[in-house]
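Hi,

Here's the structure I promised to send over. Have a look at it first, and then read on for my notes.

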Amino acid sequence: MTLAFPQLPFELIDNPAADPDAAYGDRQAAVLNAEGLAEARRCITAWPGYAPTPLIDLAGLARDLGIASLSYKQEGARFGLKSFKPLGGAFAVERCLVRAVAEATGEEDIDPARILDGTHADIVSRVTVTAATDGNHGRSVAWGSRMFGCRCVIFINEAVSAAREAAIADFGAEVRRLKGSYDDAVRHAFKTAREEGWTVIPDTSDGDIVEAPRDVMQGYALLADELFDQLDVAPTHLFLQAGVGGMAAAVAAEFWRRSGAARPMTILVEPKQAACWFKSLQAGTPTPVTGDIDSFMGGLSCGECSMLAWAILQPGAHAAMIVDDAAAKETMRLLAEGDPPVVGGESGVAGLAALITAATDPAAREKLKLDATSRVVVIGSEGAVDEAVYREVVGTPSHEVAA
Ligand SMILES: Cc1ncc(COP(=O)(O)O)c(C=O)c1O
């Protein structure tokens, strides 16, 4: 192994509730299923600018890590929004508008294409959607609102950078900044929506409100659907970064639903400040992380698991891993200097950072059965969403790396 990557602290546990031989059951299908995916595919592939994101073969890095292959799904290329998030937030906005139009017209079968082409603009323009965000989800909801023509108010917490705030406002949303954490902003969005008669589009669920967060996750599943078309051979491992767990659950569920017990080993990845999945799987019950949960990997700075994701990942994830913020920075640089050079953002590289950390540690390597036959898939869930941060870490502007 010739890779120059520092030994950084990490933690790795087997999920005590993992059920590797279990079939994809009713509890999971109640959240994500084939019909839901078909609807997400029908809607999202009709949006202007839709194209599957590239799956990049990192053959040199795979060789250095002593594994058979390494595929990096480049979500930085998604709809020009630089993250996978439009698949979820904007899709959930479209579904909410379909429901609003159905209610206002009394018609049951509203064709989503009629939301997109402005047929129901008078009804749609009277709807206000809202969400709390660390950046990417709000951008996605704002972008979808502009595409469909409804009003949008986004709540951010104090740690969200000015660049991320501006990126949301650019799509015409009203942005309101609050003191406190991401989880505080989530609670505030719910409260305001109740008071104002708005529709909240959360990317997480406490178990009570499920419709919109389920739509969000169902939209994310399209990412996995694309992977099935792009991969020649089934992967053996998925390293999936988790905030509230929606993306990881959507990807894991799609592999579980289609491949059953032959599905890849699924490893959840989090920063140590916000390791709610690690702690919850360890405890066997959803366990919030409190205090200062801010991480360099801002999209993963979530202290509470989504209960919809819990239904899938508690039995479905095989292991959980905590990685250091420094590992994400090292990985951003490594990717930028790789062959081919790849632009990965702070949270986007977390899964790859975990793979590199584990593959270069003999005990972790053995525990995760990483060897010369392993075919690993990671989701590069964001590109250089915050250019200033990217430049500071990598030392080169993202457009030069991409060129
Ligand atoms: C770039 C990026 N990757 C991963 C995640 C984690 O997604 P989830 O919160 O659904 O677990 C987020 C969440 O905001 C994100 O922005």
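Let me start in a loop. Ser301 has contacts with Tyr182, Ala274, Ile293, Asp294 and Ser295, once residues up to four places away in sequence are set aside. Before you read too much into that, bear in mind that this is a predicted model. Ser301 sits in the loop that links α12 (276–283) to α13 (307–316). Is Ser301 buried or exposed? It counts as buried, because its relative accessibility is 5% and the cut-off for buried is under 20%. As for Pro315, it is 14 residues from Ser301 along the chain, and the two C-alpha atoms are separated by 23 Å.

Now the sheets. One is an open sheet of seven strands with mixed pairing, and the order is β1-β10-β9-β8-β11-β3-β2. β1 (10–14) and β2 (55–57) are the edge strands; each has a single partner, so one side of each has no neighbour in the sheet. On average, neighbouring strands here are turned by 20° against each other, direction ignored. At the β1 edge, the partner is β10 (residues 319–323), and the two pair in the antiparallel sense over five bridges. If you want a place to start looking at that pairing, Phe10 is opposite Val323 in β10.

Helix α15 (residues 350–359) lies across much of this sheet: it covers β1, β3 (69–74), β8 (237–241), β9 (265–271), β10 and β11 (375–380), and runs at about 95° to β10. The same helix, α15, also packs with α14 (residues 325–336), at an angle of about 95° and with the axes 9 Å apart. That angle is why α14 comes out as roughly perpendicular to α15. On the α14 side the contact is made by Ala327, Ala328, Thr331, Leu334 and Leu335, and on the α15 side by Leu352, Ala353, Ile356 and Thr357. By class, the residues in this contact are seven nonpolar and two polar, with no charged ones.

The other open sheet I'd point you to has four strands, in the order β6-β5-β4-β7, and its pairing is parallel. Its edges are β6 (174–178) and β7 (199–200), each pairing on one side only. β7 pairs with β4 (residues 128–133) in the parallel sense over two bridges, and Thr130 is opposite Val200 in β7. Two helices pack on this sheet. Helix α7 (residues 136–148) touches β4 and β5 (151–157), and its direction makes about 165° with that of β4. Helix α9 (residues 182–196) touches β4, β5, β6 and β7, and its direction also makes about 165° with that of β4.

On annotation, UniProt has an unreviewed entry that places "domain: Tryptophan synthase beta chain-like PALP" at residues 48–379. In the model, that span is 46% helix and 15% strand, and its end C-alpha atoms lie 23 Å apart.

Next, a lysine you may want to click on. Lys85 is in the loop between β3 and α4 (86–105). With 10% relative accessibility, Lys85 counts as buried. What does Lys85 touch, not counting residues up to four places away in sequence? The list is Asn136, His137, Ser140, Asp203 and Tyr220.

α4 also takes part in a helix pair. Helix α2 (residues 34–44) packs with α4 at an angle of about 90°, with the axes 11 Å apart, and the two are therefore roughly perpendicular to each other. Glu39, Ala40, Cys43 and Ile44 of α2 meet Leu87, Phe91, Glu94 and Arg95 of α4. Here the classes are five nonpolar and three charged residues, with no polar ones.

Pro112 belongs with that pair. It lies in helix α5 (residues 112–116), and it is buried, with a relative accessible area of 4%. Leaving aside neighbours within four places in sequence, Pro112 is in contact with Glu39, Arg42, Cys43, Glu94 and Val98. Pro112 and Cys43 are 69 residues apart along the chain, while their C-alpha atoms are separated by 6.6 Å.

Cheers

How values were computed. Residues numbered from 1 in each chain as written. Predicted model: local features only at pLDDT ≥ 70, side-chain atom pairs only at ≥ 80, totals over all residues. Heavy atoms only, no water. Pairing = 2+ DSSP bridges. Axes fitted to C-alpha atoms, helices over the stretch in contact; angles between N-to-C directions. Contact = heavy atoms within 4.5 Å. Parallel < 35°, antiparallel > 145°, perpendicular 65-115°, else oblique. Nonpolar A, V, L, I, M, F, W, Y, C, P; charged D, E, K, R; others polar. UniProt positions renumbered as here; feature names shortened; annotations may be inferred. Buried < 20%, exposed > 50% of the residue type's maximum accessible area, 1.4 Å probe, protein only.
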